[in-house]
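Work through the exercises below with the structure open. Each one gives a task and then a solution in steps.

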Amino acid sequence: MADDGLAHHRRDPIKSSVGNVAAQRRRQNAVTVGKERRESLVRAKRLCRVGTSGDSEVSIDNDMMIDEEQSILETQASSAVEELKSAVVYQGKGAMQKRVSALRELRRILSRSEFPPIETSLKAGAISFLVQCLSFGSPDEQLLEAAWCLTNIAAGKQEETKALLPALPLLIAHLGEKSSLPVAEQCAWALGNVAGEGDELRNILLSQGALPPLARMMLPNKGSTVRTAAWALSNLIKGPDPKAATELIRVDGVVEAILRHLKKADEELATEVAWVVVYLSALSNIAISILVKSDVLQLLVERLATSNSLQLLIPVLRSLGNLMADKVIEVLVKCLKSEHRVLKKEAAWVLSNIAAGSVEHKQLIYSSKALALLLRLLSTAPFDIRKEVAYVLGNLCVAPTQGDAKPNLIQEHLVSLIGKGCLPGFIDLVRSADPEAARLGLQFMELVLRGMPNGEGPKLVELEDGIDAMERFQFHENEDLRNMANGLVDKYFGEDYGLDVSTE
């Protein structure tokens, strides 16, 4: 079973596997997808500036107050929480409107800055008052404002997000059919932010029953609500445990809803639903089995052919790579030829995961037009693309293994790739400042040193100045890289290197 440590690695580069270990690889990749998505394409946690009811009183241009002193915001936040406390206690005439006004003021303060005064609000005791404002029987306007405040608090740091724990049961309860759509959607947004924080909070949400009502919110044809629910679900199921993905795919109507929403012209909606498909297909063999029997493959291919939206194409490519590796390579070749850097990198990413699968999948890539493109990109592309390409080529050279055993070579592929000139590209990665890239380069060099026939490996590595590249790690601060490089130098370039041991 994957664990938190896997989240720090892209793939196990010179290891590939089948069966249960292949499922673990997909789960590992799903964790990585989530982290990448959070850092670049679509943040896993989203600050809410315009409410789900369409309230646009907070203008992004005029009221974000980017240049306002943080201390002023913090003072305002403390005052707003005190006002909310007073409003919650007050039971006289106009009590409801007093609470709504106090909530609205706190919400505006938490929406104004890219770095809202969350910590100050929490220290002032905001959570307990917001939870009281979520009580059943409260007017929708009050529920919406309270959920909105909690949404933006949940978009903060880990410890700030954890402060929402007392509010989770009520947020989940307000996802139900008795709630108005704006309230339910705002609660889903808050829960999506909580789920985006990590495994611990995801597990708490799952144990409290957040998944079924979020799944039901995907079923209607309500664009904004479905988008928010799909985004929250993708955060909730993204792993590494496959149970949530399996539970989601088994909810009545979910597969039909996925198909229906992928058919729509709304690309933002299709993007969020496609991310759900990414995690379903990366995490659950049961989900894969159900999805491939549906029309989802055809719809994804159609989206790939007709969409110009990069944000949609990325989850579509990843879904196709998980579901139909043998049929998507031709499409990926076209993406490798693209002038769009992100799309080119994404195609290499998907190919690297396919190459980490079965021998049949490796052979498909090895015998396709992709190989020549990959070899050229390894030496000419920007660094981030070269690293992705190196994962593909490295995984083409090893056969599936079980557990932590040293990977078995596919010598035919290794000899061919070395003959086509890929070794300098890997040695360049060893010289890079990126530890992940350096590790990948060293692992490939180990394959060359160990696997080239007639003992040619050490000479080839020396010819490309590989010894010098490895010796830079002699006193390196990274212990793993230091041990790996020094071990290879000692083993293959020790005292006996260069001697003709057959001479008596």
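Helices here are DSSP runs of H or I with at least four residues, numbered from the N terminus. The model is predicted.

**Exercise 1. Place Glu462 in its helix, state its exposure, and find the charged patch to which it belongs.**

Step 1. Residues 457-463 form helix 27, and Glu462 lies within that helix.

Step 2. Buried means under 20% relative accessible area and exposed means over 50%, with partly exposed in between. Glu462 has 38% relative accessibility, so this residue counts as partly exposed.

Step 3. On the surface, Glu462 gathers with Glu464, Asp465, Asp468 and Glu471 in a patch of negative charge.

**Exercise 2. Describe the surroundings of Leu313.**

Step 1. Leu313 belongs to helix 18, which covers residues 310-323.

Step 2. The relative accessible area of Leu313 is 10%, and therefore Leu313 is buried.

Step 3. Set aside the neighbours within four places in sequence; Leu313 is then in contact with Arg303, Leu304, Ser307 and Leu343.

Step 4. For a distance along the backbone, take Leu300, 13 residues from Leu313 along the chain: the two C-alpha atoms are separated by 9.2 Å.

**Exercise 3. Which parts of the chain does the salt bridge between Arg104 and Glu141 tie together?**

Step 1. Side chains of opposite charge can pair when their charged atoms come close.

Step 2. The N to O distance between the side chains of Arg104 and Glu141 is 2.5 Å, and they meet in a salt bridge. Arg104 is in helix 3 (residues 95-112) and Glu141 is in helix 6 (residues 140-154), so the bridge ties together parts 37 residues apart in sequence.

Step 3. Arg104 is buried at 14% relative accessible area, whereas Glu141 is partly exposed at 36%.

Step 4. Arg104 and Glu141 also belong to a network of salt bridges that includes Arg107 and Glu145.

**Exercise 4. Analyse the salt bridges Asp266 to Arg227 and Glu436 to Lys387 in the same manner.**

Step 1. Asp266 and Arg227 form a salt bridge of 3.0 Å, N to O. Asp266 sits in the loop between helix 14 (254-263) and helix 15 (267-283), and Arg227 sits in helix 12 (residues 223-237), 39 residues apart.

Step 2. Asp266 is partly exposed at 28%, and Arg227 is partly exposed at 23%.

Step 3. Glu436 and Lys387 form a salt bridge of 3.3 Å, N to O. This pair links helix 26 (residues 435-451), which holds Glu436, with helix 23 (residues 383-396), which holds Lys387, 49 residues apart.

Step 4. Glu436 is partly exposed at 22%, while Lys387 is buried at 11%.

Step 5. A search of the whole structure gives 16 salt bridges.

Definitions and conventions. Residues are numbered from 1 along each chain as its sequence is written. This is a predicted model: local features need pLDDT of at least 70, side-chain atom pairs count only at pLDDT 80 or more; totals for chains, interfaces and linings use all residues. Side-chain values use heavy atoms; hydrogens and water are left out. Patches are made of residues with over 30% relative accessible area and no salt bridge: like charges are joined within 9 Å, nonpolar side chains (Val, Leu, Ile, Met, Phe, Trp, Tyr) within 5 Å. Accessible areas come from the Shrake-Rupley method with a 1.4 Å probe; for residues, only the protein chains shown count as cover. A salt bridge is a side-chain nitrogen of Lys or Arg within 4 Å of a carboxyl oxygen of Asp or Glu. Lys and Arg count as positive and Asp and Glu as negative; His and the chain ends are not counted. The place of a charge is taken as NZ of Lys, CZ of Arg, CG of Asp or CD of Glu. Helices (H or I, at least four residues) and strands (E, at least two) are DSSP runs, numbered from the N terminus. Buried means under 20% relative accessible area, exposed over 50%, partly exposed in between (1.4 Å probe, protein chains only). Contact means heavy atoms within 4.5 Å.
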